[in-house]
Protein chains: 2
Amino acid sequence: MDAPKFPTFRPLYQQIKDLLLERIASGEWSPGTYIPSEAALAASYDVSVGTLRKALNELVAENVVIRQQGKGTVVATHDTDRVLFRFFNLWRHDGERGLPVSRPLGRKLRKATADEARDLGLEPGAKVIHISRVRDLEGVPTLVEQITLEAARFPGLEKDPEVLPNTLYHLYQQRFGQTVAHADESLVAVAASAQDAEHLDVQPGDPVLQIRRIARDYQGTPIERRISTVTTRHYGYFNQL
Amino acid sequence: MDAPKFPTFRPLYQQIKDLLLERIASGEWSPGTYIPSEAALAASYDVSVGTLRKALNELVAENVVIRQQGKGTVVATHDTDRVLFRFFNLWRHDGERGLPVSRPLGRKLRKATADEARDLGLEPGAKVIHISRVRDLEGVPTLVEQITLEAARFPGLEKDPEVLPNTLYHLYQQRFGQTVAHADESLVAVAASAQDAEHLDVQPGDPVLQIRRIARDYQGTPIERRISTVTTRHYGYFNQL
DNA sequence: TAAACTATATCCTATACATGACTTGCGGTT
DNA sequence: AACCGCAAGTCATGTATAGGATATAGTTTA
């Protein structure tokens, strides 16, 4: 009758799944690594192959690992198109899409604002790295990004790679061991600021789309705060329900 | 070596899944119906329970059916909160959400515009039903909806229920046997028109969010075209990646 | 009457095993 | 050197079965 808030038991395959995820999150199996085979893992945990399989299939559903018949099971990286487009939802109105090209605007180390600290779960005044850039789609300036990162997780990023790559998430993963596994986005329509208007080639006050994203790691801890201001003349934000 | 564009074989469980989906789409098992048990279905199709189970689990993942231990497997309806909120992505900025209340603006039978015909996959000039309404969230007018439906699928809807219910998808399902199974949405920021501004209590030209949705049935055929114009002062469009 | 128990039906978990499909590398052949 | 075929390793599919968890209805019991 009463809904049991604390489930009375926890399936074995979920426990296995947790153990596997832990080994991935800890870096023991870093992204790009092929993990042991079904049979080997099942034997090492002393469970049946079916049980281990069910655990792995949940990780596939969560985009943590990718399995391929005949090859093996690999921890997902951010360099495949599939994962890359998962975090890029802008489509041209005719249904096509292109990859954005970035132009840097600024990069510096400073203290977090109150909003930034709240979104990233940091102490007020904690050190953060702030990056801003413009991104062009097919040569047309389309969005301005304001990115904030916890400095402690990305030591040296305020200076180090002289030129930032186009896709930051791959850099986070390769250079700092920070993998973006999930993200929440909240979209609102706002009037373009004078600055954004200049970068985006629109008039101040023109309507633009503002996307506030918080990107998280495997455990759900915030890694990145990103505010994208987008002109939707040629592109729109696409979503499947 | 070459990627086989036409897969060389089709797994049994997918064939079973198609057969099950067909029986649901055809109306043989209408929403709310409990379908036969695993064992019965497996026997009737002459496959193992495990195979049938895999087919059903895919339908669960696609929100077509809901399985509950001890009870059975039921075809999903649009009257549960879970399914309802799947198609309603507006959240208050503090993270809470409320259910909208609707006020009718108009309803009529007319010929489709070119855009409407294209979006719904109809012949130019086909008969459609157009519905417009304002929706309040916590007493504040927040969005204006312009809804277009193929008249042939919804006979009499231009007049019949004197008062439209708050959640239309449940009505589509109950009265017309039309179940919305998927939807695509495209979001852009636009300037509020004079009309929308009046309904939403903003100034003409103020930035508002425009959501263009095409809702589809089990097979992917368009059922409904809906353009929502939203003021994002208090609410935002939320998405999980 | 109300609570506890029982029986049954359902889906869920877990195991075991056989076979098929796919990838890769190794040898041998040309 | 290039090609071909084979073998081994991997995940995918399909079957079979036993027992557990959950829901419901009916029966017994206090």
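1. Let's start inside chain B: B:Glu145 and B:Arg133 are both buried. Please keep in mind as you read that this is a predicted model. The side chains of these two residues meet in a salt bridge, with N and O 2.8 Å apart. The pair links distant parts of the chain, B:Glu145 sitting in strand β7 (residues 140–150) and B:Arg133 in strand β6 (residues 127–137), 12 residues apart.

2. Chain A has a pair worth viewing next. A:Arg133 forms a salt bridge with A:Glu145, and their closest N and O atoms are 2.8 Å apart. Here A:Arg133 belongs to strand β6 of chain A and A:Glu145 to strand β7 of chain A, with their positions 12 residues apart in the chain. Both A:Arg133 and A:Glu145 are buried.

3. The chain A pair has further company. Salt bridges with shared partners connect A:Arg133, A:Arg135, A:Glu145, A:Glu224 and A:Arg226 in one network. Over all chains, a search of the whole structure finds 44 salt bridges.

4. Another one to look up is the salt bridge between A:Arg92 and A:Glu138, where the closest N and O atoms are 2.4 Å apart. It links distant parts of the chain: A:Arg92 lies in strand β4 (residues 90–92) of chain A, while A:Glu138 lies in the loop between β6 (127–137) and β7 (140–150) of chain A, 46 residues away. A:Arg92 is partly exposed, because its relative accessible area of 24% falls between the 20% limit for buried and the 50% limit for exposed.

5. Now to the DNA. Around DNA strand C there are 24 residues, and those that come nearest are A:Leu12, A:Thr51, A:Lys54, A:Gln69 and B:Glu38. Of the strand C atoms that come within 4 Å of the protein, 81% belong to sugar and phosphate. By class, the surface near DNA strand C has 13 polar, six charged and five nonpolar residues.

6. Some individual contacts are easy to find on screen. An N or O atom in the side chain of A:Lys54 is 2.9 Å from a phosphate oxygen of DNA strand C. From chain B, a polar side-chain atom of B:Arg67 lies 3.2 Å from a phosphate oxygen of strand C. B:Gly70 uses its backbone: one of its N or O atoms there lies 3.1 Å from a base oxygen of DNA strand C.

7. Which elements give two or more residues to the surface near DNA strand C? They are α1 (12–25) and α3 (49–61) of chain A, together with β2 (65–68) and β3 (72–75) of chain B. The most comes from α3(A), with three residues.

Methods:
Residues are numbered from 1 along each chain as its sequence is written. Chains are lettered from A and ligands numbered from 1 in the order in which they are written. This is a predicted model: local features need pLDDT of at least 70, side-chain atom pairs count only at pLDDT 80 or more; totals for chains, interfaces and linings use all residues. Side-chain values use heavy atoms; hydrogens and water are left out. A residue is near a molecule or strand if one of its heavy atoms lies within 4 Å of it. A polar contact is a pair of N or O atoms within 3.5 Å; within protein, one must be able to donate a hydrogen and the other to accept it, and residues adjacent in sequence count only if both atoms are side-chain atoms. Helices (H or I, at least four residues) and strands (E, at least two) are DSSP runs, numbered from the N terminus. Ala, Val, Leu, Ile, Met, Phe, Trp, Tyr, Cys and Pro count as nonpolar, Asp, Glu, Lys and Arg as charged, and the others, Gly among them, as polar. A salt bridge is a side-chain nitrogen of Lys or Arg within 4 Å of a carboxyl oxygen of Asp or Glu. Buried means under 20% relative accessible area, exposed over 50%, partly exposed in between (1.4 Å probe, protein chains only).
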